[in-house]
Amino acid sequence: NPQSPADFIGEARNIAGLLVQMVADSRANGHTPLKLLFNGPPGTGKSALVAFLQTTAGIHPKWSTTKTNGTKVNMEAIQEMEDGMHYRDLYGDYKLIWIDEVDKMGPTQQCRFLSTLDDLPQGVIVACTSNCKVKDFEPRFQSRFQLMEVPAVHAAQIETLLAKFLPPLHP
């Protein structure tokens, strides 16, 4: 997993730098909640950005992270998330709720999750990833997040990144 913004390529590098600043600002303001939606095609680094956010915020992946797939978010799962987020973490300053493929979450669940998003306690980060389907969300649901667009990267950017880690090829 990337350890610094420089480990990312394309727009993901800028987003990683922004995440570092957002966590610092949140800490300075009493661990204000963050609500982030990473949107882009598959393979652009959305999950890597959430993992980087987790590391940047000092979130223990086992004890302080709830990761679920959007298809598994039903009313019971939402209630469990709400119940768990009010308990302070012994291992860090933040708790992370990560909903992967949030675009698979139904409109009814999105509407139900609105009240959760509007009443997040201090020290909670909600990070969602979507595969270019943000336009399909309920408008009120979409409006609760800071949208982070992660566009596809160019082949030259990938080559430059790989050159940092692989030895040069000799003909």
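These legends describe close-up views of a predicted model.

**View 1. Strand β4 is covered on both faces.**
Seven of the seven residues of β4 are buried. Val 124, Val 126, Cys 128 and Ser 130 point one way from the strand. Ile 125, Ala 127 and Thr 129 point the other way. In a regular strand the side chains alternate between the two faces of the sheet.

**View 2. Strand β4 pairs with β1 and with β3.**
β1 and β4 run parallel and are joined by six bridges. β3 and β4 also pair in the parallel sense, over five bridges. Ala 127 of β4 appears in both pairings. Leu 36 has Ala 127 as its bridge partner in β4. Trp 98 likewise has Ala 127 as its bridge partner in β4.

**View 3. The largest nonpolar core holds 23 residues.**
Which residues touch the most other members? They are Leu 19, Phe 38, Leu 49 and Ile 125. Five elements give two or more residues each: α1 (11–28), β1 (34–39), α2 (46–56), β3 (95–100) and β4 (124–130). Helix α1 provides the largest share, six residues.

**View 4. Ile 125 and its contacts.**
Ile 125 is one of the residues that touch the most other members of the largest core. Leaving aside residues up to four places away in sequence, Ile 125 touches Leu 34, Leu 53, Ala 57, Ile 59, Tyr 94, Lys 95, Leu 96 and Ile 97. A second, separate core has 21 residues. Among its members are Leu 37, Ile 97, Val 102 and Val 126. Ile 97 is thus both a contact of Ile 125 and a member of this second core. Val 126 and Ile 125 point opposite ways from β4.

**View 5. Arg 27 and Asp 93 form a salt bridge.**
The structure holds five salt bridges. In this one, the closest N and O atoms are 3.6 Å apart. The pair links distant parts of the chain, 66 residues apart. Arg 27 sits in helix α1, and Asp 93 in the loop between α3 (75–85) and β3. Are these two side chains buried, partly exposed or exposed? Arg 27 has 32% relative accessibility, so it counts as partly exposed. Asp 93 has 34%, so it too counts as partly exposed.

**View 6. Glu 82 and Arg 112 form a salt bridge between two helices.**
Their side chains meet with an N to O distance of 2.7 Å. Glu 82 belongs to helix α3 and Arg 112 to helix α4, 30 residues apart. How covered are the two partners? Glu 82 counts as buried because its relative accessibility is 15%, and buried means under 20%. Arg 112 is at 26%, so it counts as partly exposed.

**View 7. Lys 135 and Asp 136 form a salt bridge.**
The N to O distance here is 4.0 Å. Both residues are exposed.

**View 8. A nonpolar patch lies on the surface.**
Ile 158, Leu 162, Phe 165 and Leu 166 form this patch. Together they have about 400 Å² of accessible area. Phe 165 is found in helix α6 (residues 155–165). Why does Phe 165 count as exposed? Its relative accessible area is 58%, and exposed means over 50%.

**View 9. His 31 and Glu 101 have positive phi values.**
Most residues other than glycine have a negative phi. His 31 has a phi near 65°. His 31 is placed in the loop between α1 and β1. Glu 101 has a phi near 55°. Glu 101 lies in the loop between β3 and α4 (107–118).

**View 10. Ser 64 is a buried loop residue.**
Ser 64 is in the loop between α2 and β2 (65–69). Its relative accessible area is 2%, so Ser 64 counts as buried. Ser 64 and Met 85 are 21 residues apart in sequence. In space, they are 9.4 Å apart, C-alpha to C-alpha.

Key:
Residues are numbered from 1 along each chain as its sequence is written. This is a predicted model: local features need pLDDT of at least 70, side-chain atom pairs count only at pLDDT 80 or more; totals for chains, interfaces and linings use all residues. Side-chain values use heavy atoms; hydrogens and water are left out. Patches are made of residues with over 30% relative accessible area and no salt bridge: like charges are joined within 9 Å, nonpolar side chains (Val, Leu, Ile, Met, Phe, Trp, Tyr) within 5 Å. Accessible areas come from the Shrake-Rupley method with a 1.4 Å probe; for residues, only the protein chains shown count as cover. Helices (H or I, at least four residues) and strands (E, at least two) are DSSP runs, numbered from the N terminus. Buried means under 20% relative accessible area, exposed over 50%, partly exposed in between (1.4 Å probe, protein chains only). A nonpolar core is a set of buried Ala, Val, Leu, Ile, Met, Phe, Trp, Tyr and Cys residues joined through side-chain atoms within 4.5 Å. Contact means heavy atoms within 4.5 Å. Two strands pair if DSSP finds at least two bridges between them.
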